[in-house]
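Trainee: Could we go through the salt bridges together? I would like to hear the reasoning behind each label.

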Amino acid sequence: MDDQQPTSTAVPVGHDGTRVNIEERPAPAGGPALAMLGVLGGVALIALGVWLIARFSPDTFNGFAALAIVLFLVAVVPWTAVSVISPGQTRVVQFFGRYVGTIRRTGFVITVPFSVRHNVSVRVRNFETSELKVNDADGNPINIAAIVVWQVADTAKAMFAVEDYGDFVHVQSESALRHVAMSHPYDGPGAETLRGATDLVSEEIAAEVAERVAVAGVEVVEARISNLAYAPEIAQAMLQRQQAGAIIAAREQIVTGAVTMVTDALARLEAEDIVSLDDERKAAMVSNLLVVLCGDSRATPVVNTGTLYP
């Protein structure tokens, strides 16, 4: 008889597993005219209350006093609903803990009375990550940093989906930068290297950061590598390797050019019938020309009055 193992319910892991069921929506809000009307109405009610209080004696308490108190309380209502919003700013409105909506219009506005309004900036921001020390795809330690440009797109998610959306963007940006840097070699013959394909790597960083911070209602405008270098402990060795590679490449180009020049010289000598050379003389001439063309120092001519043959 087979033992039946209890089946466990799969728990989502990763970005798709986040449980954020809130999205931005517009909050009820009036323009400057309605806001000013509310403020002036409150002032008028207070003035009326003061006039009513002045009509009864301090030793007596009658209906005038009760009405004045009510007028004072009513006058406060519109004052709790007005706000001044600058360009690039929004107000996330909460009414007794419930999310009402977001005000994106600027200027003097009026909204739900007795509500709590949180200021959320939708301006474009940027920051530079700290210089991270990671190992590239080849295992070489490198130092890398990047500049991330971002903006709040969904104020509701930024306010309620994460604890601190600014800190969240910073931490996730460094995590994404570290992951992308470990996926590419610093330098090499391939096309997708950190040093040779900066634009491609920057696009990967921006895409990965955007995926990580989407849960916070943030959009990434761009991301660029600001600092990239080998770690100090291997920088000198890598510099010597790069210099050796450059020297080898230069030598290959010099030899290729020298062989081409020697070939052209022999072809012209034969084509114009200037001199007739056998294989031994051709070999000697090729050897001399290659020494002259490929040598590091200036060649010293030697006059030979003899002959190659005994």
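Mentor: Gladly! This is a predicted model, and a good pair to begin with is Arg-104 and Glu-24, whose side chains meet in a salt bridge.

Trainee: What makes Arg-104 and Glu-24 a salt bridge?

Mentor: Their N to O distance is 2.6 Å. The cut-off is within 4 Å, so the pair qualifies. Arg-104 sits in the loop between strand E3 (98-103) and strand E4 (107-110), while Glu-24 belongs to the segment before helix H1 (32-54), so the contact ties together parts that are 80 residues apart in sequence.

Trainee: Why is Arg-104 called partly exposed?

Mentor: Its relative accessibility is 39%. Partly exposed lies between the buried limit, under 20%, and the exposed limit, over 50%, so Arg-104 fits. Glu-24, at 24%, is also partly exposed.

Trainee: How do you know that Asp-187 and Arg-195 form a salt bridge?

Mentor: The N to O distance for this pair is 2.9 Å, and the limit is within 4 Å, so the label holds. Asp-187 has a relative accessible area of 23% and Arg-195 one of 49%; each counts as partly exposed.

Trainee: Why are Glu-208 and Arg-212 called buried?

Mentor: Glu-208 has 16% relative accessibility, and Arg-212 has a relative accessible area of 16%. Buried means under 20%, so both labels follow. These two residues also form a salt bridge, with the closest N and O atoms 2.9 Å apart. They are four residues apart in helix H5 (residues 198-213), about one helical turn. Elsewhere, salt bridges with shared partners join Asp-199, Glu-222 and Arg-224 into one network.

Trainee: How many salt bridges does the structure hold?

Mentor: Five.

Conventions:
Residues are numbered from 1 along each chain as its sequence is written. This is a predicted model: local features need pLDDT of at least 70, side-chain atom pairs count only at pLDDT 80 or more; totals for chains, interfaces and linings use all residues. Side-chain values use heavy atoms; hydrogens and water are left out. Helices (H or I, at least four residues) and strands (E, at least two) are DSSP runs, numbered from the N terminus. Buried means under 20% relative accessible area, exposed over 50%, partly exposed in between (1.4 Å probe, protein chains only).
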